[in-house]
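Trainee: Could you walk me through this structure and show me how the labels are earned?
Mentor: Gladly! Have a look, then ask away.

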Amino acid sequence: MGSSRAVTTVGIVGLGVISRQYLKTLLSVDSVRIVAVADLDQDRAQAVAQDIDGCRALTTDELMAAPDVDIVLNLTIPEAHADVALAAIAAGKHVYGEKPLAATLADAERIVAAAAAAGVRVGSAPDTVLGTGVQTARAAIDEGLIGQPVSASATWISAGHESWHPHPDFYYLTGGGPLLDMGPYYVTSLVQLLGSVTAVSGAASRSRSTRTIGSGPREGEEIRVDVDTHLTGILHHASGALSTVTVSFDGVATRSAPIEVHGVEGSLVVPDPNTFSGEVLLRTRGGEGWQTMAPSAGYEDSGRGVGLVDLVAGSARASGEMGLHVLEIMTAIMSSAATGARETLRTTVERPGLVPLTPAASWRRD
């Protein structure tokens, strides 16, 4: 990835809650090495750096200028995604970011265009779709086990993250909301399973204008809500299939399958796309009920950061182009909800290649 070293060196910007999962994965992989970290809380950066051999705590500007950083892992809040990504690209570094690719479609387009012009690569979460759950379902579709895919549904319902997150403000500001927060897992999965989307129709609502933090040092504090908190979209795939996405911070729970895919010869139940594995169930026409499929594709024992590892290895399965297309799908749902009109998409993306079944021992240490 633009380096003569056998190991790709990583600088991390943003050390919030999600960073712990990335660190767990990346510190177990031989193909990458974390050499620098940066956070607005310098004490936090120092504490993380002290636990990683050969890592130092820097400011964001220092990390961007560091010659020994090959790729920037961008784990900032959504509103900062574009600024950090563009700074990394301007410094000649590859960048892999948490979802969404940016808080706005215009910023995401700038990131992808800047990377192409600079000759660097961009990757974007979610990489959960590279695990054995979604990939096994994808393999079943590719093998024709459900015949021609016709439709799919994706559902995620909760009461909101303020019950557990100590600083949930950003979930309810521009770039947040259930669609931009949780939607990427579901929409990316649908694109992996059924291919790109050409148009969407959406509807949305907002149950209240404030939320109350339920835990941590700010427990009881009210925060404002600037985004819609219940959204439904209908996705028209280029393949002819239709899928429906429902995400909400205004419910309590659901017993709906996270994702179902239906074809003329069978149906699939796909596990939670916010995880990397889980049971894939298949029922075929004339078959004897639902059957559990053995894992047949995907990275085994994977975790947050496997998309960066995949990018370093030369793949584009969790690419910036995928992140851009998924973001346009989601912003188009919101735009359609506001106007009542069906939205035609400008972007497209090639359906990434299947991830072969990859044993944990072949890509990470115990």
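Mentor: Keep in mind that this is a predicted model. Let's start with a group of side chains: Glu162, Arg208, Arg211 and Asp250 are linked in a network of salt bridges.

Trainee: What makes the contact between Asp250 and Arg211 a salt bridge?
Mentor: Their side chains come to 2.7 Å, N to O. The cut-off is within 4 Å for a side-chain nitrogen of Lys or Arg and a carboxyl oxygen of Asp or Glu, so the pair of Asp250 and Arg211 qualifies.

Trainee: And why is this pair said to tie parts of the chain together?
Mentor: Asp250 lies in the loop between strand E12 (242-248) and E13, while Arg211 belongs to strand E9 (residues 210-212), so the salt bridge joins parts that are 39 residues apart in sequence.

Trainee: Why is Arg211 called buried?
Mentor: Its relative accessible area is 2%, and buried means under 20%, so Arg211 earns the word. Asp250 has 27%; partly exposed runs between 20% and 50%, so that is its label.

Trainee: What about Asp30 and Arg365, exposed or buried?
Mentor: Asp30 has 54%, which is over 50%, so Asp30 is exposed. Arg365 has 39% and is therefore partly exposed. Their side chains also meet in a salt bridge, at 2.4 Å from N to O. This pair links distant parts of the chain, 335 residues apart: Asp30 sits in the loop between helix H1 (19-26) and strand E2 (32-38), and Arg365 in the segment after E17.

Trainee: How many salt bridges does the structure hold?
Mentor: There are 18. Another one of them joins Lys99 to Asp181, with the closest N and O atoms 2.9 Å apart, and both of these residues are buried.

Trainee: Now the sheet. Why are strands E16 and E17 said to stand at the edges?
Mentor: The sheet is open, and its nine strands have the order E16-E15-E14-E13-E7-E12-E11-E8-E17. Strand E16 (291-293) and strand E17 (343-344) each have a single partner strand, so one side of each is left without a neighbour in the sheet.

Trainee: How do you know that E8 and E11 pair?
Mentor: Pairing needs at least two bridges. Eight bridges join strand E8 (residues 197-205) to strand E11 (residues 230-237), so they count as paired, and they run antiparallel. For example, Ser205 has His230 in E11 as its bridge partner. Helix H10 (residues 320-339) packs on the sheet too, touching E8, E11 and E17.

Conventions. Residues numbered from 1 in each chain as written. Predicted model: local features only at pLDDT ≥ 70, side-chain atom pairs only at ≥ 80, totals over all residues. Heavy atoms only, no water. Helix = DSSP H or I, 4+ residues; strand = E, 2+ residues; numbered from the N terminus. Contact = heavy atoms within 4.5 Å. Axes fitted to C-alpha atoms, helices over the stretch in contact; angles between N-to-C directions. Buried < 20%, exposed > 50% of the residue type's maximum accessible area, 1.4 Å probe, protein only.
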